[in-house]
Amino acid sequence: EILIEYLYYCYLYAGEYEQARKFSKTFSPALSEKLKTDKSPLIEYVFVEGGNKIIDGGDLSDAYYGQLGWGHPIGKNIAFFHAATLFDQSGKIYDLKQRQYYFLVNIPVGSSWVFSPAFHFIYRQVTYNVPLYYNTSIPPASKTKYVVGSLAAKRSFSYFDIGFGSSFSNIESVDQMQGNLTVTYHPMGNNKLLLTNTGYLQNESSANRLNVAYGGSLEALLFPKFCIKAQYLYNQAYHISESNGYIVNNSNDLTPSRWTFMGNFLVSRHLNIYLLYQFENKSRNDTFNNLTAYYDYNTLITGLKIIL
C-alpha cells in the first residue's frame, strides 16, 4: 500500500483534491484510517499569500496584495473553495482600496467530468487627491461593486484534459461575456509534466468586436519535492477573467502581455511554500491628451499552504 499512499499524496501536492478524494474510495479500511480519509475533514487546506506590485512608469505607486484561502469538502465528492483578498494602491491622482471574495464549488460527474460554478464579488473604493481635468474641485470618493459569475467544465482523459468555460461580468457598468477553451497535455500520463493552452473570446457591450486572448503554461516536477511553472498571456481584452473567474482584470488599463514564473517547494506532506514572480505590461488610453501611455508591473508574491 506504499505506492497507493504515494499516489494519493501526489494528487494532493498537485492540487487535484477531487481526484485524491475519488482515489481514496479504493483504500482498504486500514489505509483509510491511517490517512484519515474515512471521515471528511471540516477544512481540507488553508493558504495565505501576500506581496507587492512594483510599478515602473505611470502615476501610481506600488501596490500591496494579500489573500487568505481555504477549501473544504461536502462528503467525498463535492468540494468548495473560498478566497478573501485585499488590494491597496496609492498615487498622485487617487488612492485605491479593493476587497474581494471568491467562491467556487467542484462537482464531479461520472468518472471523468468535473463541473465548477464560481462567483467573484469585488468592492472598490477610489479616493481622489486632485481635481480631474478642467475641474477646480476634488471629486468625492467613488465606491463601486462588481460581480463575476463563471462556469467551467473539464473532461479528463489518459493523457490530456479538455476544459470549457464561460463567464459574465459587469465591470465599469459594462457587460462582458466571455468563453474559453483549455487543453492540457500530460505527455507522461501523470502530473510530472503539464502543457496547457487556453484560448479566450470576449465581447463587451460597449464594443462591436470580439477580443481575443491566449494563455500558455508549462508545469514540471523537477525533483520529488520541487515543481515549477511558467506561464504567458497575450491579451486584447480590457476586462478579461481567468481561471474560472478567480483572476479578474477590473482596471481600465489593458494588459497586452504578462509573464508568470512560480516555484513550489513541498516541505512535508502537510506544508507547501511557494514563490511567484510576474512581469506585466500595461497600456492606458489617455483620451483627454489623445495619447497611449505604457508602464509595467513587477510582482513578487510568497505563499504558505497547509494541507490538513
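A contact here means heavy atoms within 4.5 Å. On that basis, residues 24 or more positions apart account for 50% of the protein's contacts with a separation of 6 or more. The model is predicted. Its secondary structure comprises three helices and 16 strands.

**Overall dimensions**
- The protein has 308 residues and a radius of gyration of 21 Å.
- That value agrees with a compact globule, because a chain of 308 residues would then have a radius near 19 Å.
- Along the principal axes, the C-alpha atoms fill a box of roughly 75 × 35 × 35 Å.

**Surface and burial**
- Buried residues make up 40% of the 308.
- The accessible surface comes to about 16400 Å².
- Carbon and sulfur atoms contribute 63% of that surface.

**Charge**
- The protein carries 25 positive and 23 negative charges.
- The mean positions of these two sets are 6 Å apart.

**Asp88 in strand β3**
- Asp88 sits in strand β3, which covers residues 78-91.
- The side chain of Asp88 makes a polar contact of 2.9 Å with the side chain of Arg99.
- Leaving aside residues up to four places away in sequence, Asp88 touches Asp62, Ala63 and Tyr64, among others.
- Its contacts under that rule also include Leu96, Lys97, Gln98 and Arg99.
- Arg99 thus appears both in the contact list of Asp88 and as its polar partner.

**The loop between β12 and β13**
- Strand β12 spans residues 241-242 and strand β13 spans 247-248.
- Ser243 lies in the loop between them.
- Asn244 is found in the loop between β12 and β13 as well.
- Ser243 has a positive phi, near 55°, and is not a glycine.
- Asn244, also a residue other than glycine, has a positive phi near 60°.
- Ser243 counts as partly exposed because its relative accessibility is 45%, and the partly exposed class lies between 20% and 50%.
- Asn244 has a relative accessible area of 18%, so this residue is buried; the cut-off for burial is under 20%.
- In short, the loop holds a partly exposed Ser243 and a buried Asn244, with positive phi at Ser243 and at Asn244.

Technical notes:
Residues numbered from 1 in each chain as written. Predicted model: local features only at pLDDT ≥ 70, side-chain atom pairs only at ≥ 80, totals over all residues. Heavy atoms only, no water. Helix = DSSP H or I, 4+ residues; strand = E, 2+ residues; numbered from the N terminus. Rg over C-alpha atoms; globule rule 2.2 N^0.38 Å. Buried < 20%, exposed > 50% of the residue type's maximum accessible area, 1.4 Å probe, protein only. Areas by Shrake-Rupley, 256 points an atom, 1.4 Å probe, with all protein chains shown as cover. Lys, Arg positive; Asp, Glu negative; His and termini not counted. Charge placed at Lys NZ, Arg CZ, Asp CG, Glu CD. Polar contact = N/O pair within 3.5 Å; in protein donor to acceptor, adjacent residues only side chain to side chain.
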